[in-house]
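Trainee: I'm new to this one and would like a close look at a single part. Could you pick one spot and walk me outward from there?

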Amino acid sequence: MIRIVNGNARGQYPQAIDEMFRLRKRVFHDFLKWDVKTDGEWEIDHYDKANPLYVMSYSPETGKLRGSLRLLPTLGPNMLDDTFPILLGDNPEIRSAAVWESSRFCIDPDISQDRSSNQVTVAAAELMCGVGELGLASGISHIVTVTDVFLERMFRRMGCPGERIAEPHRIGSVYAVAVAWEVTRSLLETMKAIAAIEGTVLERPMSLETARAA
């Protein structure tokens, strides 16, 4: 199940927000050793002050947070244009109401290391399908992201390869790349078929606009 939390309303969901920022620290700071800012047990940065939408995947059996990502409109502050423009190559910056950015995609490391389970695939697919459902309901054309080449390969296996905006660059300890996905019904259906997901993944139907206004 996918739950959407508006960044400006995160005070209404203290437990969900706490779990998400703790998960991000476990993944990006503790596990991947990325150069990210932390605040106690949280990984949090200035983009979290820009009224993002948080997309969270929960296990239907345990109710435990399995993974999350962050969505921001490219008309406002976003990582690709403002922090990693080198990943655009010779392309102009992306500022469009029809394009949103996904960032801080992460899956619980305990799930990721459980090779006997397909939870990592389901959780990852749920997150991407949640974004797809939001995008289709909102009429946007593309989702862009900054990721590393390892996650890029995982997206391909999930049936959502996307297109590289430019060549990868070494940033810190990883080779990072900017990827764009066209928001289409066929892409959403392909991802759901590969992960054996039936029906909607969203807790309740909504668009990006209604989610941000909540």
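Mentor: Sure, and keep in mind as we go that this is a predicted model. Let's start at R70, which sits in strand β5, residues 65-73. Is R70 buried or exposed? R70 has a relative accessible area of 0%, so it counts as buried. And what does the R70 side chain meet in there? One partner is D45: a polar contact of 2.8 Å joins the two side chains.

Now widen the view around R70. Setting aside neighbours within four places in sequence, R70 is in contact with R24, D45, Y47, D48, P52, L53, Y54, M79, E101, S102, S103 and R104. Look at the charged names among them, such as R24, D45, D48 and R104. Side chains of opposite charge can pair when their charged atoms come close.

That brings us to salt bridges, and the model has 20 of them. One of them links E203 and R3, at 3.3 Å from N to O. E203 lies in the loop between α6 (185-195) and α7 (208-213), while R3 is in strand β1 (residues 2-6), so this pair ties together parts 200 residues apart in sequence. Both ends are partly exposed: E203 has 42% relative accessibility, and R3 has a relative accessible area of 25%.

Next, try R26, in helix α1. R26 forms a salt bridge with D108, at 3.4 Å from N to O. D108 is in the loop between β6 (99-107) and α3 (109-112), so the pair ties together parts of the chain 82 residues apart. D108 is buried, at 2% relative accessible area, whereas R26 is partly exposed at 32%. R26 also has a salt bridge with D110, at 3.5 Å from N to O. That pair links distant parts too, with D110 in helix α3 and R26 in helix α1, 84 residues apart. D110 is partly exposed, at 48% relative accessibility. And here R70 comes back: salt bridges that share partners join R24, E43, D45, D48, R70 and R104 into one network.

R24 in that network belongs to the helix we just touched, so let's stay with α1 for a moment. Helix α1 covers residues 14-31, which makes 18 residues, and reaches 24 Å from its first C-alpha to its last, close to the 26 Å expected. Its buried residues are A16, I17, M20, F21, L23, R24, K25, V27 and F28. An α-helix has 3.6 residues a turn, so residues three or four places apart point the same way. Just after α1, K33 takes a positive phi of about 65 degrees.

Finally, go back to strand β5 and look at L71, next in number after R70. In soluble globular proteins, nonpolar side chains tend to be buried together. Here the largest nonpolar core has 39 residues, and I4, L71, F105 and F155 touch the most other members. Helix α4 (residues 119-138) gives the most to this core, with eight residues. L71 is in contact with P52, L53, V55, W100, E101, S102, V131, L134, I143 and L208, leaving aside neighbours within four places in sequence. There is also a second, separate core of 15 residues, which includes M20, F28, I44 and Y54. Two of those names should ring a bell: M20 and F28 are among the buried residues of α1, and Y54 is one of the contacts of R70.

Notes:
Residues numbered from 1 in each chain as written. Predicted model: local features only at pLDDT ≥ 70, side-chain atom pairs only at ≥ 80, totals over all residues. Heavy atoms only, no water. Helix = DSSP H or I, 4+ residues; strand = E, 2+ residues; numbered from the N terminus. Expected span 1.5 Å × (residues − 1). Buried < 20%, exposed > 50% of the residue type's maximum accessible area, 1.4 Å probe, protein only. Salt bridge = Lys/Arg side-chain N within 4 Å of Asp/Glu carboxyl O. Core = buried A, V, L, I, M, F, W, Y, C linked by side-chain atoms within 4.5 Å. Contact = heavy atoms within 4.5 Å. Polar contact = N/O pair within 3.5 Å; in protein donor to acceptor, adjacent residues only side chain to side chain.
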